[in-house]
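Hi everyone, thanks for coming. Could you pull up the model on your screens, so that we can walk through it together?

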Amino acid sequence: MMNKADKLKQAVRTLFRTCNDMVDKMHLVDAIQRLGIDHLFQEEISSTLSDINGSQFASNSLHEVALRFRLLRENGFWVSPDVFKIFKGEDVRFTDAISNEPRGLLSLYNGAHLLVHDETELVEAISFARDHLQSICDSSELKPPLADQVKRALDLPLPRAYKRMEALHYMFEYGQEEGHIVVLLDLAKLEFNLLQHVHLKELKSFSQYASFLDIYTYTK
C-alpha cells in the first residue's frame, strides 16, 4: 500500500509540473485540499497558490472568480471583494443573471464566509447566495453530488467545516464530478486506508497495554 501511495504521489507531482492553465491549477489545489491529502503536497500547493495570486486573472464565471477568492483567502493571501463587482448591476446589487447558477452560487457562498470585519459586500453576498441556493434546493432541481454539497454548505459553510469529515464526504462525491482526476481519488482512498491501519495498530497496542496493567494490578 505504501509503495502504491508513493507512485501516486509522484503522479500528482507530475500534474503540478505539467498543469499550465490557471483554472486547472485552482481545481487541482481545491480537490487536493478537500480530499484531505494537502499535507502531502505543501510545497507544490504553496508554489501554485503564489503563482495564482501573482498572475493576471479575468473570468466571467462566478464559480471561477469565487473559487480563486476562497483558495487565496483561506491560504493567507489578500483578495479584495471588488472581484465580485462584475456580477453586480448599477444598483451595486448582484444581478439576477447569476441567480440560477448553483455551482457559482455555492462557490460564492463558501468564499464569502472568509469575510473579515466590516466587509458588508461579503455579508450581502452570503445573504444573496444563501437565499437563491435555498430556493433551488426547495425546487429539487439539483442532482448529486452538487445537491449534497449545497445542503451541507447551508448547514455549515466549507471554511467552517471540520476538514476530516468534509474529506470523507468529498471522497464519495469527487468521483461523480465531471473532469475529476482519478489519481487524486485513488491516493485519497489509499491514504485514508493507511491512516485507518495506523489507528487500528495504535488501538491494538493500547488494548494490550491496558490488559497488561489489569494483569499486573491483579497479581500485585
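**A helix under cover**

Let's start in the middle of things: the buried residues of α5 pack against α4, α6 and α7, the last of these being residues 146-155. Helix α5 itself runs over residues 102-112, and it's mostly covered, with 10 of its 11 residues buried. Among them are Leu 105, Leu 106, Leu 108 and Tyr 109, but also Ser 107 and Asn 110.

Okay, let me step back. Please keep in mind that this is a predicted model. So what is the chain made of? Nine helices and zero strands, so to speak α after α, from one end of the sequence to the other. There are 220 residues, and 42% of them count as buried. The accessible surface comes to about 13200 Å², and carbon and sulfur atoms own 53% of that. As for contacts, take the ones with a separation of 6 or more: 66% of those are between residues 24 or more positions apart.

Now, the inside. How many residues does the largest nonpolar core have? It has 58. The ones with the most contacts inside that core are Ile 32, Leu 35, Phe 41, Phe 84, Leu 108 and Leu 184. The helix that gives the most to this core is α6, residues 120-138, with eight residues. As a bit of background, nonpolar side chains in soluble globular proteins tend to be buried together.

Click on Leu 184 for a second. Leaving aside residues up to four places away in sequence, Leu 184 touches Val 12, Leu 28, Ala 31, Ile 32, Leu 35, Ile 37 and Tyr 174.

Tyr 174 is a nice place to go next. The structure holds four aromatic pairs. In one of them, the rings of Tyr 170 and Tyr 174 have their centres 5.5 Å apart and their planes at 40°, so we call the pair tilted. Both tyrosines sit in helix α8, residues 163-174, four residues apart, or about one turn of the helix. Here's the general point: an α-helix has 3.6 residues a turn, so residues three or four places apart point the same way. And are these two tyrosines buried or exposed? Tyr 170 is buried, and Tyr 174 is too.

**Charges, paired and unpaired**

On to the salt bridges: the count comes to 10. Which residues are linked in a network of them? That would be Arg 34, Arg 152, Glu 166 and Glu 173.

Let's take that network piece by piece. The side chains of Arg 34 and Glu 166 meet at 3.2 Å, N to O. That pair links distant parts of the chain, with Arg 34 in helix α2 (residues 22-34) and Glu 166 in helix α8, 132 residues apart. Glu 166 also meets Arg 152 in a salt bridge, this time at 3.1 Å, N to O. Here, too, distant parts of the chain are linked: Glu 166 is in helix α8 and Arg 152 in helix α7, 14 residues apart.

How buried are these charges? Arg 34 has a relative accessible area of 15%, so it counts as buried. Glu 166 is buried as well, at 9%, and Arg 152 counts as buried at 18%.

For a local example, look at helix α1. Lys 9 forms a salt bridge with Asp 6, with the closest N and O atoms 3.8 Å apart. The two are three residues apart in helix α1, residues 2-18, so about one helical turn separates them. Lys 9 is buried, at 16% relative accessible area, whereas Asp 6 is partly exposed, at 40%.

I've saved an odd one for last, Arg 68, which is found in helix α4, residues 62-74. Arg 68 is buried yet has no salt bridge. How far away is the nearest side chain of opposite charge? That's Asp 51, and it's 9.7 Å away. A salt bridge has to have its nitrogen within 4 Å of a carboxyl oxygen, so a pair at that distance doesn't make the cut. What does Arg 68 touch, then? Not counting residues up to four places away in sequence, the contacts are Met 26, Ile 52, Asn 53, Ser 55, Phe 57 and Val 79.

That's my tour, so over to you for questions.

Methods:
Residues are numbered from 1 along each chain as its sequence is written. This is a predicted model: local features need pLDDT of at least 70, side-chain atom pairs count only at pLDDT 80 or more; totals for chains, interfaces and linings use all residues. Side-chain values use heavy atoms; hydrogens and water are left out. Buried means under 20% relative accessible area, exposed over 50%, partly exposed in between (1.4 Å probe, protein chains only). Lys and Arg count as positive and Asp and Glu as negative; His and the chain ends are not counted. Contact means heavy atoms within 4.5 Å. A nonpolar core is a set of buried Ala, Val, Leu, Ile, Met, Phe, Trp, Tyr and Cys residues joined through side-chain atoms within 4.5 Å. Accessible areas come from the Shrake-Rupley method with a 1.4 Å probe; for residues, only the protein chains shown count as cover. Rings of Phe, Tyr and Trp (its six-membered ring) pair if their centres lie within 6.5 Å; planes under 30 degrees apart count as stacked, over 60 as edge-to-face and the rest as tilted.
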